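Dear colleague,

Please find below the structure that I am handing over to you. My notes on the findings follow it.

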Amino acid sequence: MREPPRSETRDALSFCRQCMGMCGTVVTLDANDRVVSVRGDHDDPSTLGYACFKGLNASEGHNSPDRFLQPMKRKPGGRLEPVELETALDEIAEKIAALLESDGPESIAGYRGGGAFFSSSSVMMLPALLRAIGTPKAYSSITIDQSAKEVTAGRLGVWPPGRTPFSRSDVYLLVGSNPLVSVSANGFDTRNPTKRLRAARERGMKFIVVDPRRSETAQQADIHLQPLPGEDCTLLAGLLHIILAEGWQDQEFCARYADDVEAFERAVAPFTPEAVARRADVPVETLREAARLFAQECSTGPAAGATGPDMSPGGNLAEHLIECLNVICGRYLREGDEIEHPGAIHARQLIKAEVIPAARWWEHGFKSRIGGFGQFSEEFPTGTLPDEILEPGPGRVRCLFSHGGNPASAIPEIEKVERAFEALDLLVAIEPFPSMTTAMADYVLPSTLQYERADLPMWLWESLISAEPYTRYTPALARPPEGSCVRDDHYYFWAIAKRLGLTLQLFGEPLDIETAPTTDEILARTAKNAPIPFEQIQSAERGILFDHEKQFVEPGDPDSPHRFSLLPEDVASELREFEAVLAMPALGGDGFDYRLAVRRIREANNSAGLGLPSIKRRIPFNPAFMNPEDMKAEGVAEGDAIEIASRHGAIRALATADPTLRRGVVSIVHGFGGLPRDKADYSDVGVSTNWLTSLDTSARETINAMPWMGGFPVSVRRVDNT
Ligand SMILES: Nc1nc2c(c(=O)[nH]1)N[C@H]1C(S)=C(S)[C@@H](COP(=O)(O)OP(=O)(O)OC[C@H]3O[C@@H](n4cnc5c(=O)[nH]c(N)nc54)[C@H](O)[C@@H]3O)O[C@H]1N2
Ligand SMILES: Nc1nc2c(c(=O)[nH]1)N[C@H]1C(S)=C(S)[C@@H](COP(=O)(O)OP(=O)(O)OC[C@H]3O[C@@H](n4cnc5c(=O)[nH]c(N)nc54)[C@H](O)[C@@H]3O)O[C@H]1N2
Ligand code: SF4
Ligand SMILES: [Mo]
């Protein structure tokens, strides 16, 4: 494309929507309103100029020749070919109507991925369509990510004021997260994480990191514990053991708000510092130091976990133990404390200092016909979706909508996922780029990209992305490519509902079935509970901080009988399973001398954008990271091919030395590779780590069916080629 003369370009303010960072950006556009370049906005009050490689290269995606610019339909012979939008929508609606007639509403399912969650106008449309259809078969990436947090809330109970915020913490204990790269972590200040962490350290905050890798984040820690992956439960039980044995807990908070403290203390008693240090392979002194720094020397500041613990065997228990550290040490806001983020888009509510008891939501309501799993925030666990498609019988899923996700890549046990998706009668992907999922889709409905649509920052979890009640609006800045037929995603859902004669309910009110809503109309409705009218949010260029009306934690009901359940029976039994293997060596059983560790890379967000030239140049395939000493021991040189095998499958990748990784670990990033049937070359696309994972009950959590994606045993051997 011809570069327009400099004078024809203009700069406009917006924010990036490729990850939870929501970084304030300055977008340069040409005379045709095409994105020329993006830079971090140094005057942004929230993210202070930060922008990463992905955000800075966003123009590439917008102008990519690979992008879907027309609705596509799979033709006999297997190719996707352009089709008229209204024809595609008619045909999709007809197929759904036929399935509703023959198989009933439960035959229709939907999955939301990252691309859906980052679009504030569209994120609630798939649930709205599924509800209107009358099917409970809603899925998303949340249940193949950190839904252990929801399990914990449901088993332990909830403290509505939340944990002590990052800005007021004396100490922060982070388990299995690398927010300096992932720009994501529950409660960590990710608005320019490097700057925010530096400021916190300068004001004296102590920082403890538990990670098998000396990650970018761990390098900033006062104490770094480097256990084997999959040993978080052991290690956390050990920390709790030390704290309770030393009497470092918050006695008053425990006495008032926690049940089963003595039973819990007995349950962690076998996890002595020596036994834990041996099993997790950490120095016993460092373990004690971490417990002392967290619980004795500091009195505010929470423990928090992310994908490291949550994706490993025992992920649900690990999150439970992390929250038990917070309960036992009383690391929560108390009556009279100021609430950092009382709400910008979400309605404000009185927040009381009292426990909401364990509700175990999944035990009530709809149950999946697969394994009897219950629902999480009105969704079934994604780990059960392939079986929902494959398992014959009433209620079998025949049609899947994939909204802004790449489930074919993201869901474990790639071969089964491929088989399941091939067995569908209808797979519709609402997606801007070719992916493993679009490679199997019957229809692809092309999305606008971020700078082509009006938006609000991710409001669904607004307090996770901002430590302050801040929000902003961006108009659509860029025009989609000439001659394209792309829509903001919400249109597709509305148009299909209309054809089915269904009215969608959005935020408790119907959408007009005759006229498609505009993006601004949906955003205005989304922001209807904001402290000021939507128009005022729209006119504030760099957003609005709603700090005029501070909110404080209200007193709890002094007679409330509700308390945290530290040790329900299922937690006790999971803990006993870890106790049973405590004395055994963690490595070397069945010839598996290593453990797999999940990790993310700076250059890409899961599978998104891996085909873009800037990313391909930097990371054409996913290398297998190993400690240099382990490589030597296995006779593996830099760039040699290795085979990594688990109990379920094997992959080949090129080994690369990572001295930041501890010994006994192989770490390789997910999102790469192709479908099994395509037999693509590793050197072209890398390899999917979901050959190593499984959806089998022996390889996943109970309750949320979370498949293990790391922390499990693998073997490594040198091979001649990939
Ligand atoms: N083995 C293994 N598997 C894993 C993981 C792991 O660590 N190991 N991680 C898991 C985790 S944490 C997650 S969250 C899932 C990821 O699960 P998904 O979210 O399903 O996967 P992504 O690869 O992030 O796919 C996002 C898609 O959104 C598209 N997209 C980008 N922008 C837009 C847009 O504006 N509109 C629309 N409609 N789409 C857009 C991208 O092109 C991409 O195809 O994978 C999980 N799977
Ligand atoms: N650049 C970039 N940013 C992203 C993404 C991306 O792909 N790229 N993905 C986004 C998504 S979908 C998510 S869910 C978030 C996730 O955000 P994070 O959870 O912060 O993800 P990671 O950066 O992979 O950090 C996980 C860390 O856990 C460590 N680890 C591995 N196994 C274990 C274990 O068993 N125990 C412990 N304690 N640690 C372990 C790894 O070494 C790694 O440093 O990031 C989001 N942001
Ligand atoms: S950190 Fe996330 S939001 Fe910020 S520029 Fe990078 S991809 Fe965009
Ligand atoms: Mo994720």
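What is the rank by size of the cavity that ligand 3 takes up? The space that ligand 3 takes is the second largest cavity. Please bear in mind throughout that this is a predicted model.

Ligand 3

The surroundings of ligand 3 include four cysteines, namely Cys16, Cys19, Cys23 and Cys52. Gln18, Gly21 and Met22 are also found around ligand 3, as are Tyr50, Ala51, Lys54, Gly55 and Val183. By character, the shell around ligand 3 comprises eight nonpolar residues, three polar ones and one that is charged.

Ligand 2

A total of 30 residues surround ligand 2, and those that come nearest are Ser182, Asp211, Asp232, Thr307 and Ala604. Three contacts to oxygen atoms of this ligand may be noted. For aspartate 211, a polar side-chain atom lies 2.6 Å from an oxygen atom of ligand 2. Glycine 230 contributes through its backbone, with an N or O atom 2.8 Å from an oxygen atom of ligand 2. In the case of serine 312, a polar side-chain atom is found 3.0 Å from an oxygen atom of ligand 2. On its own, ligand 2 has 920 Å² of accessible area, of which the protein covers 95%. Two elements give two or more residues to the shell around ligand 2: α7 (179–182) and α14 (307–310). This shell is made up of ten nonpolar, twelve polar and eight charged residues. Domain 3 (169–337 + 564–569) and domain 4 (587–718) each supply at least three residues to the shell around ligand 2.

Ligand 1

Around ligand 1 there are 29 residues, the closest being Tyr111, Gly114, Ala410, Glu431 and Ser607. Two of these closest residues, Glu431 and Ser607, also appear among the polar contacts. An N or O atom in the side chain of glutamate 431 is 2.7 Å from an oxygen atom of ligand 1, and for the side chain of serine 607 the corresponding distance to an oxygen atom of the ligand is 2.5 Å. Asparagine 690 has a side-chain N or O atom 2.8 Å from a nitrogen atom of ligand 1. Taken alone, ligand 1 exposes 910 Å², and the protein buries 91% of that area. The shell around ligand 1 holds ten nonpolar residues, 14 polar and five charged. At least three residues of this shell come from each of domain 2 (72–143 + 363–456 + 471–545) and domain 4 (587–718).

With kind regards

Notes: Residues are numbered from 1 along each chain as its sequence is written. Chains are lettered from A and ligands numbered from 1 in the order in which they are written. This is a predicted model: local features need pLDDT of at least 70, side-chain atom pairs count only at pLDDT 80 or more; totals for chains, interfaces and linings use all residues. Side-chain values use heavy atoms; hydrogens and water are left out. A residue is near a molecule or strand if one of its heavy atoms lies within 4 Å of it. On a 1 Å grid over the protein atoms alone, a cavity is a set of points where a 1.4 Å probe fits but cannot get out, and a pocket is an open set with protein on both sides within 12 Å along at least five of seven lines; lining residues have an atom within 4 Å of a point. A molecule sits in a cavity or pocket if more than half of its atoms lie within 2 Å of its grid points. Ala, Val, Leu, Ile, Met, Phe, Trp, Tyr, Cys and Pro count as nonpolar, Asp, Glu, Lys and Arg as charged, and the others, Gly among them, as polar. A polar contact is a pair of N or O atoms within 3.5 Å; within protein, one must be able to donate a hydrogen and the other to accept it, and residues adjacent in sequence count only if both atoms are side-chain atoms. Accessible areas come from the Shrake-Rupley method with a 1.4 Å probe; for residues, only the protein chains shown count as cover. Helices (H or I, at least four residues) and strands (E, at least two) are DSSP runs, numbered from the N terminus. Domain bounds come from an automatic or database domain assignment.
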